[in-house]
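User: I am new to this structure. Please take a close look at the part around the ligand, then show me how the rest of the chain fits with it.

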Amino acid sequence: MPINIEINDKIAIITVDNPPVNALSQAVRKGLWEAVERLDADDAVSLVLLRCAGRTFIAGGDVTEFDKAPVEPHLPDVVGRIERAKKPWIAAIHGTALGGGLEVAMGCAWRVADEAASLGLPEVSLGVIPGAGGTVRTPRLIGIKAAIALVTGGKPVKAAEAVRLGLIDEVLSGDFQSQAIAFAKRTLSASRPGAVSDKRIEESFVTNWTKIEKEVEKSAKGAHAPVRALACLRKAATASADEAVAYERETFLDLRNSNQAKALRHVFFAERAALKPEDLQGVFPKPVKTAGVVGGGTMGAGIAAAMRDAGINVVLQERDAQALAAGMARIESIFSASVKRGRLSADEAAVRMAGVSGTTDVADFSEADLVVEAVFEDLDVKRAVFAGLAESCRKDAILATNTSYLNPEDIFAQLPNPDRGIGLHFFSPANIMKLLEIVPTRATAPDTLAAGFALAKSLRKVPVRSGICDGFIGNRILKVTRAQAEKLLLTGVSPAEIDAALKDYGLPMGPFAAQDLGGLDIAAFQRKAARARGETVFAPIADRLVADNRLGQKTGGGWYDYQDGSRHPMPSNIVAGIVAEIRNEQGRAELPDGVSLADAVLLPMVNEGARILDEGIAASATDIDLVKIHGYGHPRWRGGLMYDAQQGGLSAAVGKIRRLFEAGLAEAPSEHLIAAAEAGRF
Ligand code: NAI
């Protein structure tokens, strides 16, 4: 039974025991409903303490019920029943109380939490809103302003903040379960507070809804749920609680079936599955307690910071004392930036930094469980590094390369035991970007591979396995993005128009602005290497910009002009001139009817994704979705590149790609994409 009840000295203790996270399955909802009925009728009971077994309070809804029709008893009714119970309830929260878990707690007369608990309403991240009175009770408890932040932002708060807001009554320190019982005993003689639903909302903040709506819409970046959640809060602030509950339920059910919610559920399940690859079940890698990082440049410093954020000790190695000092300073500046943003206390930053020891000697890697190499992108330099690592590391240490474009098999070719070699491709900034491409070679042992996935989990990253090809999954598609954007300039549209089209689609930045931010030189270097291999790469305009030292923001101009160190892109007459010249040379192109600018960039990327699937570089279209979302800012609510194309209809996509091909603006649709269109799915 997921619900156990024990009665002692007038206090009924209900323990929810539904491992692993005490989710609100139908059995739990039913159990809670029946508990109210039974305890209300029991004269021996004056007070009810609701708590959970295991590692957490009710962490949220039951994910296995997400895609199914709602079944009774519905959560809003259960919470309402608890709120109107004759015997008052106390929620004792440890671990996390998210979504429905917090809504249940808000139905209780009192809420207490463990110091380490976190509480929140993250429903918007799944494309829905709190559907069990969350939008109605939260503003009544904490005021409308704080409720707007909690509900539309979806970010949880820690117990200390929750008590400050008024979301909970007390934070308990010491052994939580016994302290919760002590709280219940103290509360036996207290008078019962009025039901949360009966409270009035302090309305002083509610002045300009239109302004707030605009702000929420802007930060939602195309996602509907935060905007709809705000509408519910507005209703809660202006109508009766009953009316607001009805409006919330209607909004919840509407959003639950929306395309965005479906896309967000797709991503949610994909992320969960990504951490547990089926072929690695039962393979248990050794935990990583100490990691080595070779190279303290942009990537090495970010990787070291990410490791420290996860509590892993780091040994950073550089080629000489000066480079080492620069690398250590880079790591330090990452932590001090977090302190400035209020994400980290100064003390904690000092602890993180103290866990990094710097060296110029590879012999200092003797303790490391795993070493990540992030030196210059040069095969000989990398091989020399691994020769040194093979000598100085433990024989069972995992040896990883962060290479972007080189073949890890070439890098590890001279390793005496290449079974422990693996590509771990982080994204910049490595302490922030969630994607980790995991690139096994043919020699990589299963436990080495499993160690990559386990590391991703401890760094709270999203691992995606990639086969070996130029650029792996993500950067291979990125090359197509850039080439498409550049080809479209030949139709006479400006970089700003193309960037705007992709921002409208939901990307944080268009392809030209993104190149200016990252710098045009790295891609130019890769094109050079690709051409040396005999590949043709379309980039006549980018090549000209690089030749003219227009490398992006850092040189004051790239695809745009940047005046006086500003980061604000301004249309460039120089670029317009270069484009006009190239158009004259290459001939003009016409965007086919019915194909939008966004289509003309995105669909050829999908086509490349299909080739990646065909070659077995990515195991599934879903993996490509995760790469795009977590490495390149593809809007989560679109479900990812491949999912979105599939929702839009793959036959239509093939038709558009064909028309782009005929117009000289894209490659022909791949066999794999055509076959997927026939099947209706990837
Ligand atoms: P970077 O130039 O900023 O840093 C390289 C660092 O390696 C320098 O600090 C250099 O002193 C050090 N180094 C060079 N040879 C060394 C040696 N033999 N022993 C110890 N340290 C040595 O380069 P960045 O951007 O950090 O890139 C490093 C690697 O990460 C490259 O393979 C790159 O392709 C890859 N990468 C880069 C990304 C980016 O966005 N910058 C993203 C993902 C991967």
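Analyst: Start with the elements that build the shell around the ligand. Helix 12 (298-309), helix 13 (321-340), helix 15 (379-392) and strand 15 (421-426) each give at least two residues to that shell. Helix 12 provides the largest share, 3 residues. This is a predicted model, and every value here is computed from it.

In total, 25 residues surround the ligand. The closest are Gly-295, Gly-297, Met-299, Ser-404 and Ser-428. By type, the shell holds 10 nonpolar, 12 polar and 3 charged residues.

Stay with Ser-428 for a moment. Ser-428 is among the closest residues to the ligand, and its peptide bond to Pro-429 is cis, with omega near -10 degrees. Pro-429 sits in the loop between strand 15 and strand 16 (435-440). Strand 15 is itself one of the elements that supply at least two shell residues.

Now place this in the chain. The protein is divided into domain 1 (3-257), domain 2 (288-468) and domain 3 (474-679). The C-alpha centres of domain 1 and domain 3 lie 45 Å apart. For residues 291-465, an unreviewed UniProt entry lists "domain: 3-hydroxyacyl-CoA dehydrogenase NAD binding". That span is 41% helix and 21% strand. Its end C-alpha atoms lie 21 Å apart.

Next, a residue in helix 17 (residues 446-458): Thr-448. Is Thr-448 buried or exposed? Thr-448 counts as buried, because it has 23 C-beta neighbours inside 10 Å and the cut-off for buried is 20 or more. Leaving out residues up to four places away in sequence, Thr-448 touches Ile-398, Asp-419, Arg-420 and Ile-422. Thr-448 and Ala-85 are 363 residues apart in sequence, and their C-alpha atoms are 55 Å apart in space.

Ile-398 leads on to the core. Ile-398 touches Thr-448, and Ile-398 is also in contact with Leu-370. Beyond its neighbours within four places in sequence, Leu-370 is in contact with Val-288, Ala-291, Ala-397, Ile-398, Ala-400, Ala-451 and Leu-455. The largest nonpolar core has 208 residues, and Leu-49, Ile-90, Leu-370 and Val-371 touch the most other members. Helix 24 (residues 597-614) gives the most to this core, with 10 residues.

Follow the chain onward to Phe-472, in helix 18 (residues 472-489). Phi of Phe-472 is near 50 degrees, a positive value in a residue other than glycine. Phe-472 is buried, because 27 other C-beta atoms lie within 10 Å. An unreviewed UniProt entry places "domain: 3-hydroxyacyl-CoA dehydrogenase C-terminal" at residues 471-562. This span is 62% helix and 0% strand. Its end C-alpha atoms are 29 Å apart.

Asp-564 also has a positive phi, near 50 degrees, and is a residue other than glycine. Asp-564 lies in the loop between helix 22 (540-547) and helix 23 (573-586). Its setting is exposed: Asp-564 has 5 C-beta neighbours inside 10 Å. Phe-472, by contrast, is buried.

Finally, go back to the start of the chain. Glu-72 and Pro-73 are joined by a cis peptide bond, with omega about -5 degrees. Pro-73 lies in the loop between strand 3 (47-52) and helix 2 (75-83). Ala-105 is in helix 3 (residues 100-107). Ala-105 counts as buried, because it has 27 C-beta neighbours inside 10 Å. Not counting residues up to four places away in sequence, Ala-105 touches Ala-91, Ile-93, Ala-97 and Arg-111. Ala-105 and Arg-527 are 422 residues apart along the chain, and their C-alpha atoms are separated by 57 Å.

Helix 5 (residues 144-153) comes later. Its buried residues are Ile-144, Ala-147, Ile-148, Leu-150, Val-151 and Thr-152. What covers them includes strand 7 (118-120), helix 4 (134-142), helix 8 (209-220) and helix 9 (225-238). Gly-154 follows helix 5, with a positive phi near 75 degrees.

Conventions: Residues numbered from 1 in each chain as written. Predicted model: local features only at pLDDT ≥ 70, side-chain atom pairs only at ≥ 80, totals over all residues. Near = placed C-beta within 6 Å. Helix = DSSP H or I, 4+ residues; strand = E, 2+ residues; numbered from the N terminus. Nonpolar A, V, L, I, M, F, W, Y, C, P; charged D, E, K, R; others polar. Core = buried A, V, L, I, M, F, W, Y, C linked by C-beta atoms within 7 Å. Buried ≥ 20, exposed ≤ 12 C-beta atoms within 10 Å, placed from the backbone. Contact = placed C-beta atoms within 7 Å. Domains from an automatic or database assignment. UniProt positions renumbered as here; feature names shortened; annotations may be inferred.
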